[in-house]
Amino acid sequence: MAEYDKKELIKAAIEVRKNAYAPYSGFYVGAALLAESGKVYTGANVENCSFPVGTCAERSAFAAAISSGERKFTAVCIVGEKNNNPLLGADYCMPCGMCRQFMTEFCDKDFEIISAKNEEDYKVSRLGDLMPGAFMLFAGF
């Protein structure tokens, strides 16, 4: 896997989290997705009163990248915060099961998932560890 600047990806996720729309849960999430091309795509969660019509930040970032023609990805960073209030503190935000399955469509088992509280405090997981035995029709996950 190519080297990349994790802190820059974390900064991008923190910045886009400000755009999240989360009036129901109060849990604001930002995601920054690094394509193999080197371009970073961002997304924020968008809730809807008719659950589960909303979209997670990770899938929002993937949709932006895929709509721009990208198909190969290196890593995603996810940051979440309750009520968008730094005083309440952030915690490690992992992708939900739906997002994990979505990622297997476009990413291999070594795809990195960074869950960050801030630029200095983060954890890195691999998709294959978070999604063992993923449902796949055609890809070689």
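**Close-up 1. Arg17 and Glu81 pair up in a salt bridge.** In this predicted model, the closest N and O atoms of the two side chains sit 3.5 Å apart. Arg17 belongs to helix α1 and Glu81 to strand β3, so this pair ties together parts of the chain that are 64 residues apart in sequence. Buried or exposed, these two? Both Arg17 and Glu81 are buried.

**Close-up 2. Lys6 of helix α1 meets Glu112 in a salt bridge.** Here the N to O distance is 3.8 Å. The partners come from distant parts of the chain, with Lys6 in helix α1 and Glu112 in strand β5 (residues 112-116), 106 residues apart. Lys6 is partly exposed, because its relative accessibility is 21%, while Glu112 has 8% and so counts as buried. Only values under 20% earn the label "buried", so Lys6 falls outside it. Look around Lys6 and, setting aside neighbours within four places in sequence, you'll find contacts with Glu112, Ile114, Tyr122 and Val124. Tyr122 is 116 residues away from Lys6 in sequence, yet their C-alpha atoms are 9.3 Å apart in space.

**Close-up 3. Lys11 and Glu8 form a salt bridge within helix α1.** Their closest N and O atoms are 3.2 Å apart. The two residues are three places apart in the helix, which means about one helical turn lies between them. An α-helix has 3.6 residues a turn, so residues three or four places apart point the same way. Lys11 is partly exposed at 38% relative accessibility, and Glu8 is partly exposed too, at 41%. Zoom out to the whole structure and the salt bridge count is six.

**Close-up 4. Helix α2 (residues 57-67) has a set of buried residues.** Which ones are they? Ala57, Glu58, Arg59, Ala61, Phe62, Ala65 and Ile66. Their cover includes strands β1 (27-35), β2 (40-44) and β3 (73-82), along with helix α3 (97-104). Just past the end of α2, check the backbone at Gly69: its phi is positive, about 100 degrees.

**Close-up 5. Four acidic residues gather in a negative patch on the surface.** The members are Glu36, Asp108, Asp110 and Asp129. Asp129 sits in helix α4 (residues 127-130). With 62% relative accessibility, Asp129 counts as exposed.

Terms used. Residues numbered from 1 in each chain as written. Predicted model: local features only at pLDDT ≥ 70, side-chain atom pairs only at ≥ 80, totals over all residues. Heavy atoms only, no water. Buried < 20%, exposed > 50% of the residue type's maximum accessible area, 1.4 Å probe, protein only. Helix = DSSP H or I, 4+ residues; strand = E, 2+ residues; numbered from the N terminus. Contact = heavy atoms within 4.5 Å. Patch = residues over 30% accessible without salt bridge, like charges linked within 9 Å, V, L, I, M, F, W, Y side chains within 5 Å. Areas by Shrake-Rupley, 256 points an atom, 1.4 Å probe, with all protein chains shown as cover. Lys, Arg positive; Asp, Glu negative; His and termini not counted. Charge placed at Lys NZ, Arg CZ, Asp CG, Glu CD.
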